[in-house]
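Take a walk through this model, from its sheet to its pocket and on to a pair of charged side chains. Keep the 3D view open as you read.

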Amino acid sequence: EEHGVLIDKMEELREATPCKLITIVPFNNTVQQRQIVEVEQYDELPRKMDVGGGTSFAPVFNWIRRLDRVPDFVIMFTDLGSSTYGEEPGCPVLWASTEPVWERGTWSNRPPFGDVIEIEIT
């Protein structure tokens with residue numbers, strides 16, 4: 001189950017860089033409002049999320065812009081299977097991609113902002 005592996009990656013990041021609050025925002029082509037979870041520093045991360053289908057990053061960044069405060073950091077776990085990025089959110093963005101980043105001619109799956117790392121899900 002891919003979501004469980006991504007949660008494991010999130011847990012690894014949290015252990016390496018402790019933070020007071022993580023907001024998990026499940027999405028596909030829309031933000032799944034009822035599944036948004038806030039996790040404090042020592043809370044257990046949720047093990048299951050009900051998402052899938054088409055992907056659009058823009059709704060997530062639109063949701064972030066409507067918040068009362070700007071996040072310190074956004075980590076977008078993705079396969080980079082969309083070209084609908086939306087606007088940069090005004091904070092650092094890390095794309096944790098399950099697929100390699102590639103560029104060929106004029107088409108690329110490299111996001112227009114932020115940094116990209118590749119993560120293995122096995």
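The paragraphs below take up the sheet, the pocket and the salt bridge in turn.

Start with the sheet. This is a predicted model, and in it three strands make up an open sheet. Their order is β3-β4-β7, and they pair in parallel. Which strands stand at the edges? They are β3, residues 74-78, and β7, residues 115-118. Each has a single partner strand, so one side of each is left without a neighbour in the sheet. From one strand to the next, the twist averages 20°.

Now look at the pairing of β4 with β7. Strand β4 covers residues 93-97. Four bridges join β4 to β7, and the two run parallel. Ser97 gives a point to locate by eye: Glu118 in β7 stands opposite this residue.

A helix packs on this sheet. That helix is α2, residues 58-65, and it touches β3 and β4. The direction of α2 makes about 160° with that of β3.

Next comes empty space. Rolling a probe the size of a water molecule over the atoms shows where such space is left. The largest pocket has a volume of about 1,400 Å³. Its lining counts 44 residues. Which of them are the closest to its centre? They are Thr23, Ile24, Ile75, Met76 and Phe77. Four elements are listed as giving two or more residues to the lining: α1 (2-16), β1 (21-24), α2 and β3. Helix α1 provides the largest share, six residues. Strand β3 and helix α2 thus appear twice in this tour, in the sheet packing and in the pocket lining.

What is the lining made of, by residue class? The residues divide into 25 nonpolar, 10 polar and nine charged.

Finish at helix α1. Side chains of opposite charge can pair when their charged atoms come close. The structure holds one salt bridge. Arg14 forms it with Glu11, and the closest N and O atoms are 3.1 Å apart. Both residues lie in α1. Arg14 and Glu11 are three residues apart, about one turn of the helix.

Terms used:
Residues numbered from 1 in each chain as written. Predicted model: local features only at pLDDT ≥ 70, side-chain atom pairs only at ≥ 80, totals over all residues. Heavy atoms only, no water. Pairing = 2+ DSSP bridges. Axes fitted to C-alpha atoms, helices over the stretch in contact; angles between N-to-C directions. Contact = heavy atoms within 4.5 Å. 1 Å grid on protein atoms, 1.4 Å probe; cavity = no way out; pocket = protein on both sides within 12 Å on 5 of 7 lines; lining within 4 Å. Points joined across faces, edges and corners; volume = space filled by probe spheres on them. Nonpolar A, V, L, I, M, F, W, Y, C, P; charged D, E, K, R; others polar. Salt bridge = Lys/Arg side-chain N within 4 Å of Asp/Glu carboxyl O.
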